[in-house]
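Q: Please take a close look at the sheet in this protein. How are the strands ordered, and what happens at the edges? Set it in the context of the whole fold.

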Amino acid sequence: MSSIKHLKRAQIACSNYHYIKYSLPYFLNSMVNLDQHLIEFYAASPHLSVEDATYNSVKVLKRELDAREIKVCCLTQEQCVYPINIACEDDAIRERSTQTFMKTIEFAAQLQAPYAQIVCGRGYFDNPEEDAWKRSAESLSRIVDKASRYGVTMVIEAASYNTTNVVYDSHRMRRMIDEIGSPNLKGMLDTCAVAMAGEDIREDLALLGQDMVHLHFADGTPLGHFIPGEGKLPLIDYLTALDEVRYTGAIPFEIYNRLYDFEPEGTMKKCLEFMYQVIPE
């Protein structure tokens with residue numbers, strides 16, 4: 001019998017991370033097949049390339065979502081594989097990256113997504129981290145200012161140190177949120193990143209408090225972003241910790257692993273089956 005008392009199945013969100021070898025209509029129809037109506041939308045080619053998309057193309061996407069009664073809890077643009085880096089030493093790359101997030105904010109508002117996700121970029125690892133921090137904070141301040149005008153909240157993900165040398169743990173996330181000091185900047189946790197940083201999720205939740213508003217849920221060793229149950233992370237304990245603080249945000253699956261690209265719907269079904277065993281209603 002599950003010990004979960006407060007988390008609801010309505011908080012579970014699917015995603016298109018592992019659907020990128022399939023068309024956008026295939027993904028949307030898959031959500032219908034699985035009877036899922038809440039998604040985190042991964043904004044990347046071929047489904048939605050932020051740099052190439054237009055107001056009209058996003059309008060069409062919104063119409064397709066509405067036709068299937070699907071809501072977007074968070075718009076997450078690709079910023080790890082693509083050369084998107086708001087802390088980059090190169091001024092041109094940093095400015096282009098910042099402008100890409102400005103477009104993402106416009107599209108998030110158009111899709112009525114309350115959140116847009118952001119990683120704080122990185123500097124060269126042979127240069128001082130504090131220099132990269134300053135560049136990131138300057139870019140992020142501009143981005144959050146625009147987000148506030150569009151009614152969108154940016155959520156910082158503390159990605160692993162493999163990805164960023166700016167915000168790579170929850171303490172640095174707390175520092176960045178406090179430094180920017182905007183109600184339109186919040187934090188999120190990633191189960192793999194929590195494990196990679198060697199953190200205790202309960203300590204993270206206490207540190208972030210009401211500023212922890214979003215989540216990426218996947219298994220790992222500690223990295224990997226596997227289907228729940230195919231890694232070694234204490235996922236049920238993580239969910240119990242969220243339940244203890246009465247977390248009310250979305251719980252999207254981030255199955256960001258090319259192992260699952262050829263059977264995306266079957267993969268998503270297995271993720272849902274895991275959650276349904278843990279979250280009773």
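A: This is a predicted model. The protein has nine helices and eight strands. Its radius of gyration is 18 Å, close to the 19 Å from the globule rule for 281 residues, so the protein is as compact as a globular protein of that length. Along the principal axes, the C-alpha atoms fill a box of roughly 50 × 45 × 35 Å.

Now the sheet. It is open and has eight strands, in the order β7-β6-β5-β4-β3-β2-β1-β8. The pairing is parallel. In general, strands of a sheet pair through backbone hydrogen bonds, and the sense may be parallel or antiparallel.

Next, the edges. Strand β7 spans 212–216 and is one of the edge strands; β8, at 251–252, is the other. Each of them pairs on one side only.

The β8 edge can be followed down to residues. There, β8 pairs with β1, which covers residues 12–15. The sense is parallel, over two bridges. In one bridge, alanine 13 has proline 252 of β8 as its partner.

Back to the whole protein. Of contacts between residues at least 6 apart in sequence, 79% join residues at least 24 apart. Burial is computed too: 57% of the 281 residues count as buried. The exposed area is about 12,200 Å², and carbon and sulfur atoms supply 51% of it.

Last, charge. The protein carries 28 positive and 40 negative side chains. The centres of these two sets lie 5 Å apart.

Conventions. Residues are numbered from 1 along each chain as its sequence is written. This is a predicted model: local features need pLDDT of at least 70, side-chain atom pairs count only at pLDDT 80 or more; totals for chains, interfaces and linings use all residues. Side-chain values use heavy atoms; hydrogens and water are left out. Helices (H or I, at least four residues) and strands (E, at least two) are DSSP runs, numbered from the N terminus. The radius of gyration is taken over C-alpha atoms; the globule rule is 2.2 Å times the number of residues to the power 0.38. Buried means under 20% relative accessible area, exposed over 50%, partly exposed in between (1.4 Å probe, protein chains only). Contact means heavy atoms within 4.5 Å. Accessible areas come from the Shrake-Rupley method with a 1.4 Å probe; for residues, only the protein chains shown count as cover. Lys and Arg count as positive and Asp and Glu as negative; His and the chain ends are not counted. The place of a charge is taken as NZ of Lys, CZ of Arg, CG of Asp or CD of Glu. Two strands pair if DSSP finds at least two bridges between them.
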